[in-house]
Structures are given as structure tokens and as C-alpha cells.
Amino acid sequence: MPADRYMVPYPSRGTVLGDTELGAVSEALRSDQTLSAGGYREAFERRFADLVGSRHAVSVTSGTVAVQLGIALLGLRPGDEVIATPQTYKATVQPLLDAPVTVRFCDVDPHTLNADPRSVEALITDRTRAILLVHYGGLVADMNEIMRIARAHDLLVLEDCAHALGSVYHGRRPGTLADIGCFSFHSSKNITTLGEGGMVTVNRDDWAERLDLMRSNESDSVYADAPRLIGDRKRASAWMLHPGNAFTHDCVEIRHPGTNATLCEPGAAMGLAQLDRLDRLISRRRAIAAKINAVLERYSFARPVQEPPGVVSAYHLYTFLLETEDGQARDAVVDSLDQRGVEMRLRYFPLHLLPEWRARGHELGECPVVERLWFERQINLPCQPSLSDAQVSHLLEVLDRTLAEAENGIRALART
């Protein structure tokens, strides 16, 4: 079915934009202030840090860059091992593809699709240095247990919060549940900053300083007093563009070469406006999810990924599982939904089975739970806040009809 014929399309935007966002961007453009590294960015970072409860929030140009710089803070060395979830977008671990470290993929909890703490703990060796996880679909992982394990083994934890802005975990916000939090403001995410953008949250002052260096085209390096001055320091003047230590210090270690990852001022202005909408956007997602849950309750073989006590999901993705013995039933349901005007995309293909990770030695059978769920049971449904009431009604009607047909098929199969 052509994409423009879907009654309920897969979202090209995960948020809602309106006159407020247009006004914010217009104001930034019409001002005579810089369009890079100015007041809007500073205000956006302060508001974001206050929202999630972190000491520092450092904006960057994308969620992928946020993860790249977050990983740079981990201080990984050749031979180190990192444990990562396979149920996430590839950007969560992509920066490790060219790193001289070993990535060990943990399996997932079949009830949440998040990293299973038992699998994480079983993979820890004396070379393990860090854990990388995602809050899949906006449902926060079992962070109390993950952090207990991490602290017991002196490991750092990076939480990919790309799906989880607006989620709550026992009264706390993602971005403060681990050592480093990384967010995405891509067009598909819960808020956006002109289609791309990201944020890194930390509580350590030294890490915030290093992040600011790396995103500002400065090298994150260790320096020492130079044994002799370079050139005539007295000739340095205000119009010479140079770092303050160029004449006086030597570089001892380069931890990261730095990059230009400055979030533009119009994007930051839009981000501020979007934060004002966040509660309403998440409420709409949760309202749609509640209606889908009500349909699934009629069918014993359809199980939604539900919130554990104390956890509030942002429902970036709505996910449910078909608990059937026949894996082909999932494919039939997905095909039927798609043919009836609900555009289907399943997220995400298990990372350890991507060609680039198979080239690093990973293979089928490594994470049996995520493999079984992905290839046989998992279904994702649209639940973006921009869906109209008519689109939501169509989604619910089609879902009910499709599952009723699947139930009849299961009963017929049982009788044979």
C-alpha cells in the first residue's frame, strides 16, 4: 500500500508543532544575536537539566553524537569489554564498532524488552568496564538492579534515553538514573529541535567541562607545563585566535579529538517551546496506549509490554507480543494490519545479528530471548500524539478485527 494511503501512518514526526514553535524559531532568526552557541542554547540546557534533575545538560547536534561523546567519557582502553543491549537502534553501540574493545550483548527481559539484569551480571568479567542500555519504547529499564550490579563491579553505566523523555522511574527521571544519560531530539522523538539534536546529562562537573570542550571543536586532552615556551609569549595579543595554553603547555594525552556538535540557536529555541508541550504530548501517547491495552485485554494470546509498579512509560513505541506457538501468526497479523491501513514497522532488528556485528564475531543464538521475540512475537503500533481521534478509532477497529481473526485461526488449528 502506498504510504500516502495509510489511514494510520507510521510517524514521520513523533511530536506536534504549531504557532508557538514557529514563533520561537522566527524570534531567534529575526534577532541580531548569534545563531550558534548563544542564549537560547544556554536556556534550553538549563531547562532540560531542571526537568530531568541532572546537574548538567550539554546539548549537541544529534542523539548519535550524544552517545559518541558519552562513550568518550567512559575512558575505554584496548582490551576492555562493554555489555550492551541488542534491542535498540544501532546508534546506541555504533561508536564501538571501530573501538579496540569487546562488546558483549546481553539478552532482554521478555516482559519489558529492556536489558535483563541477570543476563548482564552473567556476562561480567574482570575486563568489563561499562554497560550500555536503552529504555526501550520509553519503558525504563530495571535501573535499581542494573546500578546495584554496576556498583558492585565498579562499572560505569550509560543510559540511552532517546525514547524516554517524559518517562518516570520511582519518582526519578531518565538521564539521572545512571552515570551518563543521552537523549535524541530527532524528528521521530518525543520532542524535536528542528529535526535533529541531542543532549548529554551528567552530574560530574569535570565531565560537563570535557563535554563542552568536545562539542566545541576543542580537543579533550591532558596538558602539562611545557619545558620551554613556544614562541614569544609577550607578542601574543587579543586579535590572535589561539587557545590560552598554546604558548605554555604540552599535550600529554588526547582523549578525544573534539568535533563541532553545536546545537543551533533556532533549534534550541524550538526545544524550549517543545518542553512546554511535553506533558501534553506524553499524556496523548499514554491515552492512545490505554485504548490499545483495552483491545488487547480481550485476547489471551496478545500481551502488551506493560509498566512495572512505580514506572511510567512515555510510550515512544507501543509494543505488544503474540504468545502463540506458531511464529507465522505474528507475520500474518502484521500483514493484515498493514493491508487495512495501519502502517507497520517493527523496531529493532537485533543488533548482534547486523552484518557489521556478525563481522565482529556475533551470531544467531547469542541472545535467544530477543531473537525469539523479534522473529516470532513482537509487534509495534503507531501511537504518536499527532494521531487524530478518527485515526485512533480506525487503529482500534482494525486491531480488534485482526486479532479476532487470528483467534479463530488459533482455535481452528487447535481442533486439527
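Strand S1 is joined to strand S8 by five bridges, and the two run antiparallel. One of the pairs across this boundary is histidine 56 of S1 with valine 202 of S8. S1 is mostly covered, since four of its five residues are buried. The model described here is predicted.

## The seven-stranded sheet

S1 and S8 belong to an open sheet of seven strands, arranged in the order S1-S8-S7-S5-S4-S2-S3, with mixed pairing. Strand S1 (56-60) and S3 occupy the edges; each has a single partner strand, so one side of each is left without a neighbour in the sheet. From one strand to the next, the twist averages 20°.

Strands of a sheet pair through backbone hydrogen bonds, in either a parallel or an antiparallel sense. Both senses are found among the pairs listed below.

| Strand pair | Bridges | Sense |
|---|---|---|
| S1 and S8 | five bridges | antiparallel |
| S7 (residues 180-184) and S8 (residues 198-202) | four bridges | antiparallel |
| S2 and S4 (residues 128-134) | four bridges | parallel |
| S2 and S3 (residues 102-105) | four bridges | parallel |

Individual residue pairs show how the strands are aligned. Glycine 181 has threonine 201 of S8 as its bridge partner. Isoleucine 83 stands opposite isoleucine 131 in S4. Towards S3, valine 82 is the bridge partner of valine 103, and alanine 84 that of phenylalanine 105.

Two helices lie across the S1 side of the sheet's strand order. Helix H2 (residues 39-52) crosses S1, S7 and S8, and runs at about 130° to S1. Helix H6 (residues 205-215) lies across S1, strand S5 (156-160), S7 and S8, at about 15° to S1.

## Strands S2 and S3

In a regular strand the side chains alternate between the two faces of the sheet. How are the two faces of strand S2 (residues 81-84) placed, covered or open? Both are covered: Glu81 and Ile83 on one side are buried, as are Val82 and Ala84 on the other. Strand S3 presents another arrangement. Its Val103 and Phe105 point to one face and are buried, whereas Thr102 and Arg104 point to the other face and are not buried.

The loop between S2 and S3 contains leucine 96. With a relative accessibility of 1%, leucine 96 counts as buried, because the cut-off for a buried residue is under 20%. Setting aside neighbours within four places in sequence, leucine 96 is in contact with Ile71, Leu76, Val82, Val101, Val103, Leu132, Trp357 and Arg360. Val82 and Val103, both among these contacts, are the bridge partners named above for S2 and S3. Cysteine 251 is 155 residues from leucine 96 in sequence, and their C-alpha atoms are 25 Å apart in space.

## Nonpolar cores

The largest nonpolar core comprises 67 residues, and Leu132, Met143, Val157 and Ile180 have the most contacts inside it. Helix H3 (residues 63-72) supplies the largest share of this core, six residues. The core lies between domain 1 (19-217 + 259-266) and domain 3 (278-414), because both give residues to it.

Isoleucine 180 illustrates the packing. Not counting residues up to four places away in sequence, isoleucine 180 touches Gly70, Leu73, Leu74, Val157, Leu158, Glu159, Val200, Thr201, Val202 and Trp207. A second, separate core has 29 residues, including Leu296, Leu381, Val392 and Val398.

Helix H10 (residues 368-377) also has buried residues, namely Val369, Val370, Glu371, Leu373, Trp374 and Arg377. The buried residues of H10 pack against strand S13 (318-322), helix H8 (328-339) and strand S14 (378-381).

## Cysteines

How many disulfides does the structure hold? It holds zero. Cysteine 161 is in no disulfide, and the nearest cysteine sulfur, that of cysteine 182, lies 7.3 Å away. A disulfide requires two cysteine sulfur atoms within 2.5 Å, so the distance of 7.3 Å does not meet the cut-off. Cysteine 161 is buried, with a relative accessible area of 0%.

Why is cysteine 383 without a bond? Its sulfur is 18 Å from the closest cysteine sulfur, in cysteine 161, which is too far for a bond. Cysteine 383 is likewise buried, with a relative accessible area of 3%.

Note on methods
Residues are numbered from 1 along each chain as its sequence is written. This is a predicted model: local features need pLDDT of at least 70, side-chain atom pairs count only at pLDDT 80 or more; totals for chains, interfaces and linings use all residues. Side-chain values use heavy atoms; hydrogens and water are left out. Buried means under 20% relative accessible area, exposed over 50%, partly exposed in between (1.4 Å probe, protein chains only). Two strands pair if DSSP finds at least two bridges between them. A nonpolar core is a set of buried Ala, Val, Leu, Ile, Met, Phe, Trp, Tyr and Cys residues joined through side-chain atoms within 4.5 Å. Domain bounds come from an automatic or database domain assignment. Contact means heavy atoms within 4.5 Å. Axes are lines fitted to C-alpha atoms, for helices over the stretch in contact, and angles run from 0 to 180 degrees between N-to-C directions.
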